[in-house]
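User: I have a structure open and want to go through its metal sites with you. Can we take it step by step?

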Amino acid sequence: MLVIADARDPLTTGTDLLVIPVTAIGDKQRLPARLAGLDRTLEGGLGAAIASGDFRGKRDQKLLLYPNGALPAKRVLLLGLGDEAALDADALRRAGGSAVREGAARKAEKVTVAMIVRRRRVGIGAAAQALAEGAILGGYRFDAYKQAAEDGPGEVTRVQLSFDKSADLRRARAGAKRGTILADSQNVARDLSNAPGNALPPAQLAREAQKVAKAVGLRVRVLGVPELRKRKMGAILAVGGGSSRPPRLVALEHQPKRRKNAAPLCLVGKGVTFDSGGISIKPSGAMDEMKHDMSGAAAVVGALRACALLDVPYPVVGVIGAAENLPSATAYRPGDIVTSASGKTIEVLNTDAEGRVVLADAIHYAKTEYNPCAIVDIATLTGACVIALGRWASGLFANNSTLSDQLRHAGAATSELAWPLPLFEGHKKAVKSSVADVKNTGAGREAGSSTAAAFLAAFAGDTPWAHLDIAGTAWTTHPSPYQPRGATGVGVRMLLELLADWKNVKL
Ligand code: BES
Ligand code: MN
Ligand code: ZN
């Protein structure tokens, strides 16, 4: 999908669907002045829709009108943005999503959005970016495995953002471009996460990462089993040992022209391509959802793609620990003690707590190979996090309060919310083992997300580190205007927002 910003008059340009975003209209208020021209062209049709009460600009409210030759546009869609005082980037992102979904439902190829709302809180660049993000994210469908249906939706291929003549088009275009790269990268993450387990074993996840790297100019390293053995990565090898499809460790390197020698930010993703639980097998209800257990890895691939295309001026490295967790004669067992690459031994008390075991080696690799200024890991780590925060926020843990604050703000700015959860000394004690250095379970079901984070903290050591638990946010059964059912691609926009302010961050 192509999103372009221009200053052509939407009332005189041809389009399949002309979208008019409108903020909430008060009870006494009739037609907002800036819609008067359109209302005249439609011979009072707009004023009538508002006066009748059929359309009041409430959030996500929609009304379709047929200009019947009065305009070059085939259809006009009034789209409610909600209260003007609360207008923010996410309202515009939602509008972009609704515009494209309504267009696709009517087999529109070109959609034009009239950018005529008054902008108080959202600047022109940010507005264009949010619209572009919403349009591209809202247009996403995972239909690679479906035969084309006659009555299915069409595909919107062009979205035109029509600004008025006085607008600074240079900023609008820059915003649309940034939004396009971010949303396309998020959709790359969604595609990986939605891919079924049979189609995406660890080696395939590594190949997909390589494909993305090649397309955008990232360096890439893939470690296979002989290399993992050589590096004594007993943790990831143990988790992957139950599958006939062996584990991989992948590193994607973004190296900007300037600041070549600066210490990189390392993003580490959990890439469990299917999590059956292993010998500690999961109940079968909703086990299919565990194809998404590599969503952290998917976000890392998407984020590195965006780093390259946006030419982020800092070195960034993505590290992915990819393994399939299955029960078999070669699977690791409860009671096993495995030695991680760091030398720390791990007592395995539950083979379903495999994510932290994979991340132990991935985090150690990031630390020792890249000497990073900070590590941010992202993982569908604990069911307990879904209980604590639901689908509304990712869990946020850190050994550095500045890094935690930065991530929380990046989450708020992108509407990919992350909320701090504690990491107490008690949580760290709870993962001490009587027979090994650490154990992969904590205090039963108590504070399960915090004890999982405490396990990871032991491997991060004194490197500034944060952990995002995306168990509740990586996929959804509650679709919204720019988020269809399935993988969300959460993390990509948030991590790039973190990097937007990185030069001012002193950890
Ligand atoms: N991938 C799961 C966590 C998960 C569960 C993510 C539900 C999303 C939705 C993880 O590997 C896991 O199984 N964790 C266990 C840990 C427990 C055995 C200590 C859990 O949360 O139950
Ligand atoms: Mn598990
Ligand atoms: Zn898992």
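User: How are the donor residues of the zinc ion (ligand 3) spaced in sequence?
Analyst: The spacing is K-x4-D-x17-D-x60-E. Keep in mind that this is a predicted model.

User: Which residues are those, and which atoms do they use?
Analyst: The protein donors of the zinc ion (ligand 3) are Lys270 through NZ, Asp275 through OD, Asp293 through OD and Glu354 through OE. They lie 2.0 to 2.4 Å from the ion.

User: What is the arrangement of the donor atoms around that zinc ion (ligand 3)?
Analyst: Octahedral, because the 6 donor atoms subtend angles of 78 to 175°. As a reference, ideal angles for six octahedral donors are 90 or 180 degrees.

User: Where do Asp275 and Glu354 sit in the chain?
Analyst: Asp275 is in strand β9, residues 265–275. Glu354 is in the loop between β12 (345–347) and α10 (355–370). The two are 79 residues apart, so the pair links distant parts of the chain.

User: Buried or exposed, those two?
Analyst: Both Asp275 and Glu354 are buried. The relative accessible area is 2% for Asp275 and 0% for Glu354. Buried means under 20%, so both count.

User: Now the other metal. Which protein atoms bind the manganese ion (ligand 2)?
Analyst: Its protein donors are Asp275 (OD), Asp352 (O), Asp352 (OD) and Glu354 (OE). They lie 2.0 to 2.2 Å from the manganese ion. In sequence the donor residues are spaced D-x76-D-x1-E.

User: Octahedral or irregular, the arrangement around manganese?
Analyst: Irregular. There are 6 donor atoms around the manganese ion (ligand 2), and they subtend angles of 72 to 168°.

User: How far apart are the manganese ion and the zinc ion, and which residue coordinates both?
Analyst: The manganese ion (ligand 2) and the zinc ion (ligand 3) are 3.2 Å apart. Asp275 bridges them.

User: What else is Asp275 in contact with, leaving aside its neighbours within four places in sequence?
Analyst: Asp275 is in contact with Lys282, Met287, Met290, Asp293, Asn325, Asp352 and Glu354.

User: And how accessible is Asp352?
Analyst: Asp352 has 22% relative accessibility, so it counts as partly exposed.

User: Different topic: backbone angles. What is phi of Glu43?
Analyst: Phi of Glu43 is near 55°, a positive value in a residue other than glycine. Most residues other than glycine have a negative phi. Glu43 is in the loop between α1 (36–41) and α2 (45–51), and at a relative accessible area of 76% Glu43 is exposed.

User: What about Arg259?
Analyst: Arg259 is not a glycine but has a positive phi of about 55°. Arg259 lies in the loop between β8 (248–254) and β9. With a relative accessible area of 35%, Arg259 is partly exposed.

User: Last one, helices. How do α6 and α9 lie relative to each other?
Analyst: Roughly parallel. The axes of α6 (residues 202–216) and α9 (residues 295–310) come within 9 Å and cross at roughly 10°.

User: Which residues make the contact?
Analyst: From α6, Leu205, Ala209, Val212 and Val216. From α9, Ala297, Val301, Arg305, Ala308 and Leu309. The residues divide into 8 nonpolar, no polar and 1 charged.

Note on methods. Residues numbered from 1 in each chain as written. Chains lettered and ligands numbered in written order. Predicted model: local features only at pLDDT ≥ 70, side-chain atom pairs only at ≥ 80, totals over all residues. Heavy atoms only, no water. Axes fitted to C-alpha atoms, helices over the stretch in contact; angles between N-to-C directions. Helix = DSSP H or I, 4+ residues; strand = E, 2+ residues; numbered from the N terminus. Parallel < 35°, antiparallel > 145°, perpendicular 65-115°, else oblique. Contact = heavy atoms within 4.5 Å. Nonpolar A, V, L, I, M, F, W, Y, C, P; charged D, E, K, R; others polar. Donors = N, O, S within 2.8 Å, 3.2 Å for Na, K, Ca; no water. Tetrahedral: all angles 85-135°; square planar, octahedral: opposite > 155°, others 65-115°. Buried < 20%, exposed > 50% of the residue type's maximum accessible area, 1.4 Å probe, protein only.
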